[in-house]
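Student: I have this model open in front of me and would like a close look at a single part of it, the part where the prediction itself is least sure. Could you take me through that part carefully and then set it against the rest of the chain?

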Amino acid sequence: MGTTVTESTTLGNKTKFKELLDNFGLPRLIIAGFLLLLFIMAPMVGADFATQISNTVNRFSWNAVLVLAMVPMVHSGCGLNFGLPLGIISGLLGATLSIQLGFTGGMSFVMAILICTPFALLLGGGYGWLLNKIKGGEMMIATYVGFSSVSFMCMMWLLLPYTSPKMVWGLSGKGLRTTISLEGFYDKVLARFLQINIGKLSIPVGSLLFFAALAFLMWAFLHTRTGTAMTAVGSNPTFARASGINIDKMRMLSVVLSTWLGAVGILVYEQGFGFIQIYTAPLFMALPTVSAILIGGASVNKASIANVIIGTFLFQGIVTMTPTVINSMIHMDMSEVIRVIVSQGMILYALTRKTEGSK
Amino acid sequence: MNKKLENGESNRWLELLQNNSVPLTFIIICAIGIPLSGFSPGYLLNEIVTRMGRNAFLILSLLIPIMAGMGLNFGMTLGAMGAQIALIFVADWQIWGIPGILLAMILSMPISAVLGAFCGHMMNHAIGKEMITSYIISYFMDGMYSLVVLYMMGPVIPVIHAAIRTTRGYGVRNTVSLLNMRQSLDNLFAIHIGGVKIPVLTFLLIALACLFIIWFRKTKLGQDMRAVGQDMDVARDAGINVERTRIIAIVMSTIFAGLGMVIYLQNMGNISTYSSHKQIGMFCIAALLVGGASVDKASIGNVFLGVMLFHLMFIVAPSAGARITGDSMIGEYFRVFLSYAVITVALVMYETKKRRAKGKAGRLLRFEQHKGGKK
């Protein structure tokens, strides 16, 4: 682990194939191979291939925007956004307020996005200010800022004066329920839009189009002057400062963008999943998202849209396929354990790789 | 920083306040919470003594990596896992009482050593990011632990008694009862003073651990670790094998954590097989930080002060919260929030102090150069 760079330069005539392999990384190859194996085995153990593909694509559409939220902060050198729970909280506030104010159907989704934006800007701004003060130790602090804010919001969900009967506890009428159903609101509002159903195969084209639009906007942004400045801040801060770029401002912008995308991402996730999960659920959303983008080929200081797409697909593929295939084979439900080992192992690998600027 | 040179007296108080802000905040919270909660002082005293005996050993294990400059060792969870595996075996082989505890401690040591070596090795590959790496390693190892305990124990690793096995045929049950060795360490030589039970033997073990740490700091290895903690490059130039020293620090910490977990579990009386170890890291680190420690400096005093304040807050918060808002869940969430918040504040203070020190060093260098140039 982490000794590839020096070896390839000293040996000189390493084949291009081997170099490609080293850059791609052994763990990623293992994961991609594992997924391929699962796909091949699925029809053999009796799992319905079309349903599996539909499930994988569906889960991809739920998670892709959340993983996309990782990209801006990686580009600006703030590392992996372990503080994604802050964006998720903004999204949850948008969702619950949208329902509280009485919007239904597709309109509730649009209003949720509109309402979550000021929260995302506020929380993202505060979070960005904090990260600017602690350059170098972002990842650990981000994790605990995320945890603290989720715990704080746990108290708030109980105290805030929500009254909508769809959301509060039945008996006392005060405090939000842990899981709020989105039937009648924006449940599958994007997924059903232009949905393709061929037999058992169902593809949520609407969600995929939504993700594609956001991904395209991100790609376009990264190629503008501001976007390129952001990337410069991440890859070479000294050069960026010499070129007159305001590093703090760029980092703040990337954090706000990331938080906003996280807010929209959790809304997309909710519409696919069908429920709003509050209280402690956001605690467990950052780590799988981080490992998804790492599986896709990103590193602590480099991430692209392709990484997002490949990574989300591989990760969700494993999460979907492992239970059905392995359960049919050995009648043991190992899916949760395998998911934890794969995702955490991937993050561990990325953290321990020698990156291009470190000692 | 410059103001300190001008008027030393008043700013010394301000700095004292700043450095000890976390313990002071907790003292205030406890002062408000204790009367609100309605618990009697006798009950609180008994609870604190029990918790001190239960947790102090675990928190002492965090001191060594801080000395070696590796920050807060979130990987102490690995030691806890080693202890749990050892205890599962001991419970299965039905060795109870003090011999059982001794055997569990001895068994946990090789497991903790191997896991600690892995953790230390990984942290050496992620210099500068040790804390987040140990944090992720604890989650990763939790997956491996589940793999071993949930799937391999039973089919692959023999578990004799059905009381420990789940009905599925593989895996260990969610709780493993330690009823027959419950508090055997505590009860031996226990003294009862006015309703408060003092587990003398446990405190003896804790005192031994403290003495060990004090002695260790004076040994060559201890001095090596402190040198590595201060400045890795200078230590390397002085001929110290930095990588090996760091790995040894983590191995020692993990072994201590394993022993501490055995003490913790014998006091609790049962193992929550899949969840006992998860929160232990976070709560121990929070307790240490509440005691006034920081990411790069911790002393034995911090450990004991931290246990007292943190656990006082922990006991008092749910009832106090219920009294204030009428909802009992608020207190529970509040104490979790405080635990996370205290770690966040400590991490932020550490990072800002680090950057301020770098900035100050840069300014001093510039001042020196300017002075030299003027001559």
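Tutor: Over residues 6–10 of chain A the pLDDT stays under 50, and for this run the model has 1 contact beyond four places in sequence. This is a predicted model, and the run falls within helix H1 (residues 4–11) of chain A, where confidence in the chain is lowest, at a mean of 48. The other end of the scale is helix H12 (residues 247–273) of chain A, where confidence is highest, at 92. Chain A as a whole averages a pLDDT of 83, and 92% of its residues score at least 70.

Around that part, the model of chain A contains 15 helices and 4 strands. Its radius of gyration is 21 Å, close to the 21 Å that the globule rule gives for 359 residues, so chain A is as compact as a globular protein of that length. Measured out along its principal axes, the C-alpha trace of chain A spans about 70 × 60 × 35 Å. The contacts can be read beside this: among those in chain A with a separation of 6 or more, 76% are between residues 24 or more positions apart. Buried residues make up 55% of the 359 residues in chain A, while the accessible surface of the chain comes to about 15,400 Å², with 69% of that area belonging to carbon and sulfur atoms. As for charge, chain A carries 22 positive and 12 negative side chains, and the centres of these two sets lie 7 Å apart.

Two backbone details also deserve a careful look. In chain A, Tyr279(A) has a positive phi of about 55 degrees although it is not a glycine, and this residue lies in the loop between strand E4 (275–277) and helix H13 (286–295) of chain A. With a relative accessibility of 4%, Tyr279(A) counts as buried, because the cut-off for that class is under 20%.

In chain B, Gln94(B) likewise is a residue other than glycine with a positive phi, here near 55 degrees. Gln94(B) is placed in the loop between helix H6 (76–92) and helix H7 (97–124) of chain B, and with a relative accessible area of 42% it is partly exposed.

To return to the part you asked about, residues 6–10 of chain A are the run over which pLDDT stays under 50, and they sit in helix H1 of chain A, whose mean is 48.

Methods: Residues numbered from 1 in each chain as written. Chains lettered and ligands numbered in written order. Predicted model: local features only at pLDDT ≥ 70, side-chain atom pairs only at ≥ 80, totals over all residues. Heavy atoms only, no water. Rg over C-alpha atoms; globule rule 2.2 N^0.38 Å. Buried < 20%, exposed > 50% of the residue type's maximum accessible area, 1.4 Å probe, protein only. Contact = heavy atoms within 4.5 Å. Areas by Shrake-Rupley, 256 points an atom, 1.4 Å probe, with all protein chains shown as cover. Lys, Arg positive; Asp, Glu negative; His and termini not counted. Charge placed at Lys NZ, Arg CZ, Asp CG, Glu CD. pLDDT = per-residue confidence, 0-100.
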